[in-house]
Amino acid sequence: MNGSHTQRWQSYLRDCSALASIPEPMLVSGRVTRVAGLVMEAVGLKLAVGSACTVPLSSGARIEAEVVGFENDKLFLMPQSDVEGVVPGTRVFPIEVVQSLPRPGTVDHPRRRPSDRGRHLPVGDELLGRVLDGAGRPLDSLGPLNAVHSAPLNVRAANPLTRAPITDVLDTGVRAINSMLTVGRGQRMGLFAGSGVGKSVLLGMMARYTSADVIVVGLIGERGREVKEFIEQILGTVGLARSVVVAAPADTPPLMRLQGAAYTHTIAEYFRDQGKSVLLIMDSLTRYAMAQREIALAIGEPPATKGYPPSVFAKLPTLVERAGNGRPGGGSITAFYTVLTEGDDQQDPIADSARAILDGHIVLNRSLAEAGHYPAIDVEQSISRAMHNITTDQHQKLMRRVKQLYSRYLRNRDLISVGAYSAGSDPVLDQAIALNPRIEAFLQQDIGERAGIAESLGQLAALFEG
């Protein structure tokens, strides 16, 4: 063998040795064994609950999913989109290798690139004025977000002992709320309403008129048509400019609805940590609970209270507790959660649970709405639990007096309307009858009218003058 031939062999061996020394990571994957309803089942992976996975399809598309449970060596995966195209034996990869998965029909070996993209989503000032889905993708036509920062989707609520107390009044711009149900910065209120009683209009008024630095709106599980209407007709251009809207309509999978609600709070927490006053509006908490019910029932959790599994009632406080004040001197999240009362039933299990974990509730009454009384706030059934800490004694006396007179009139309205009541029999009722037109006018407000705190309190005091 001549020298040149030997050199070529030596060069070839060196090249082989160099290639062999390149570490090739082991590709971890599992396989889909069953698809039943909303849930995919997979084997071959050991992942924690909450981990993100991806399922590449032969068409080139991918389905992202989350581990929502397991049984022995079998994982239950909840997809973020439709499962059309999944066949038995389809491979399942942890989210950390999705950045370089091979395209169908190629032999490229995927490289492991650690990533938590499924659990962190974009946050920052770049989101203001934008409409996003539950995965942080733009739904508007304004191009990419170009967000610099990201934040984890699910975090634990802050230690309650490190939070600042509720001491400052929040001006919502709605007269009935400012005067009769005063809300403090960092308070969490429920808006209890059936369908068609002006819930969205009231939310829009608060979004327009509330004195907050940033507004974060979560439209969870509502009709897709309502998303555009809320943004264009109710929120408006002025309201949208200082807002971030996260939309996960009813036609999205339940996992995306849950993720949309969590993402709404993640965005609000980011701005709160920047020292800003944040108004968080989530419509609705009931649809969030229904999404969790769909997932829990699909993986075999037994129903408990009126068809709701126990995990639903564990998820609600976990989400709600993320709102509220930050550390003393820092920012705040004042939250309004709508609670859908089916058939105007205030004893619905979700409504009952929400009432227990929130700092007050505003009830919208259908009979008031049918009578043309807007906003249809039932001041008798509504309450703000923080009001006594943030208002003056004089304000509270006036509020209680209005409630007493209004309630007395409503209880005797039938007698009054048929002429069965004789004037002078009850001095309190006589005053209630005399002041009722003024009280009803005071509690009503047009959508284009803003009533600040000072103006609302002045009009409240004026009810008993003259």
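This report covers two buried residues, two cis peptide bonds and two positive phi angles in a predicted model. Residues are numbered from 1 along each chain as its sequence is written, and local features need pLDDT of at least 70, side-chain atom pairs count only at pLDDT 80 or more, and totals for chains, interfaces and linings use all residues. Side-chain values use heavy atoms, with hydrogens and water left out.

**Buried residues**

Thr182 sits in the loop between α2 (175-180) and β11 (183-184). Helices (H or I, at least four residues) and strands (E, at least two) are DSSP runs, numbered from the N terminus. Thr182 has a relative accessible area of 1%, so Thr182 is buried (buried is under 20%, exposed over 50%, partly exposed in between; 1.4 Å probe, protein chains only). The Thr182 side chain reaches the backbone oxygen of Asn178 at 2.7 Å. Beyond four places in sequence, Thr182 touches residues including Val169, Ser384 and His395 (contact means heavy atoms within 4.5 Å).

Ser456 belongs to helix α14 (residues 453-462). Ser456 is buried, at 0% relative accessible area. Not counting residues up to four places away in sequence, Ser456 touches Arg175, Asn178, Ser179, Phe442 and Ala451.

**Backbone geometry**

The peptide bond from Asp283 to Ser284 is cis, with omega near 10°. Ser284 is in the loop between β15 (277-283) and α6 (285-298). Tyr374 and Pro375 are also joined by a cis bond, with omega about -5°. Pro375 is in the loop between α9 (366-370) and β19 (383-384).

Two asparagines have positive phi:

| Residue | Phi | Loop | Relative accessibility |
|---|---|---|---|
| Asn72 | near 55° | β4 (62-71) to β5 (74-79) | 72%, exposed |
| Asn146 | near 60° | β8 (130-132) to β9 (149-152) | 61%, exposed |

How values were computed. Polar contact = N/O pair within 3.5 Å; in protein donor to acceptor, adjacent residues only side chain to side chain.
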